[in-house]
Amino acid sequence: MRILVTGGTGFIGSHTVVRLIENGIDVTVFDNLYNSKITVLDKIEKITGVRPDFRLCDMTDRDSLEIIFKEAHFDAVIHFAGYKAVGESVEKPLMYYDNNITGTLNLLELMEKYNVKNLIFSSSATVYGIPDKCPIEESAPLFCLNPYGRTKLMIEEILRDLCIADKDFSAVLLRYFNPVGCHPSGLIAENPNGIPNNLMPRIIQAAKGEIPELKVFGDDYDTRDGTCIRDYIHVVDLADGHVAAVDYVIKNKGSIAVNLGTGNGFTVLELIKTFERVNGVKVPYSIAPRREGDSMESFADTRLAKKVFGWETKLSVEDMCRDAWKGALSYE
Ligand code: WQD
């Protein structure tokens, strides 16, 4: 079996490539390296003993993307490629719509042309906007607060429409909650180009002294300690969720959206305290005003993933904190 992984040198993509290879699947990766480094391929080879086939390619360049489909047939595509910084998407919406939407349309048109009819799409819990209640079921209302989230929702709608038009097409839309941690080897980790927005990379920067302190965005929410609750999921569990989805996407038709989360919620302060306890470090922080657009609480209803994929998370928030710190100290 051969799978094309778009954005396969990125944080979640590279962890998924490792697990696909370890499950005996041949992998072709393409990436434009906007938010990742080519050296990730060396790390994947070091972990698995296999260097995935790689193409430097931008999915908005349809001609170069078509060469990939001419060179090999794929049993499925796992589609990670896309810009994903919420703040940047607000400043540069056209860049996000062009890259994420146009790029995905190029991919889908070529999949149709070359009779590749199975797609696993990297969606996000961000499509739930500010959820009415938790745990969040896949049938919850969908609403997006920023251009990044809207590209995810638009691509979900495109895939639902494509599966109605083409009865042979199969699309699994995986809605990630909050991916954190890294491979236990520390060889591949979250290493965004530029200033990170997410909580765990900022905790690490504060613990390393790269920033004077972490800003905790609000402690006046109606939660057990006043800070926001999120469903943090270990990136290795997330990668396994994709491997579990491969069997399903090939054996079924139509579209289905599935949450990938732990079903457990932790507050910002709880994550900070867990990180300090597990790693024996201090994380200097101060309370700052709330961040625009943040929901008070978000964690997954995980029953559907268990039912359709037979998948559930195995790793704890302690594992996430331990591996994230190990990756931060060993990653170069
Ligand atoms: C988590 C919590 C912040 C930074 C985002 C995207 C979502 C998905 C996951 C891609 C919140 C608080 C954060 C900081 C803080 N990405 N925080 N200080 O916002 O839940 O989701 O990443 O799909 O689409 O929206 O994650 O890590 O930014 O924030 O207090 O310096 O940590 O307020 O409560 P979020 P996050």
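**Exercise 1. Determine which helix and strand each supply at least two residues of the shell around the ligand, and describe that shell.**

Solution. Helix 7 (199–208) and strand 8 (214–217) each supply at least two shell residues; helices (H or I, at least four residues) and strands (E, at least two) are DSSP runs, numbered from the N terminus. The model is predicted: local features need pLDDT of at least 70, side-chain atom pairs count only at pLDDT 80 or more, and totals for chains, interfaces and linings use all residues. Residues are numbered from 1 along each chain as its sequence is written, and side-chain values use heavy atoms, with hydrogens and water left out.

Next, strand 8 gives the most to the shell, with four residues. Of the 19 residues around the ligand (a heavy atom within 4 Å), Y148, L199, K215, R230 and D294 come nearest.

**Exercise 2. Identify polar contacts of ligand oxygen atoms with N198, L199 and R291.**

Solution. A polar contact is a pair of N or O atoms within 3.5 Å. A polar backbone atom of L199 lies 2.7 Å from a ligand oxygen. Polar side-chain atoms serve in the other two cases: that of R291 at 2.8 Å and that of N198 at 3.0 Å. The protein covers 89% of the 680 Å² of accessible area that the ligand has on its own (Shrake-Rupley method, 1.4 Å probe).

**Exercise 3. State the strand order of the open sheet and its edge strands.**

Solution. Seven strands, paired in parallel, follow the order 3-2-1-4-5-6-11; pairing requires at least two DSSP bridges. The edges are strand 3 (53–56) and strand 11 (254–260), each pairing on one side only.

Note on methods
A polar contact is a pair of N or O atoms within 3.5 Å; within protein, one must be able to donate a hydrogen and the other to accept it, and residues adjacent in sequence count only if both atoms are side-chain atoms.
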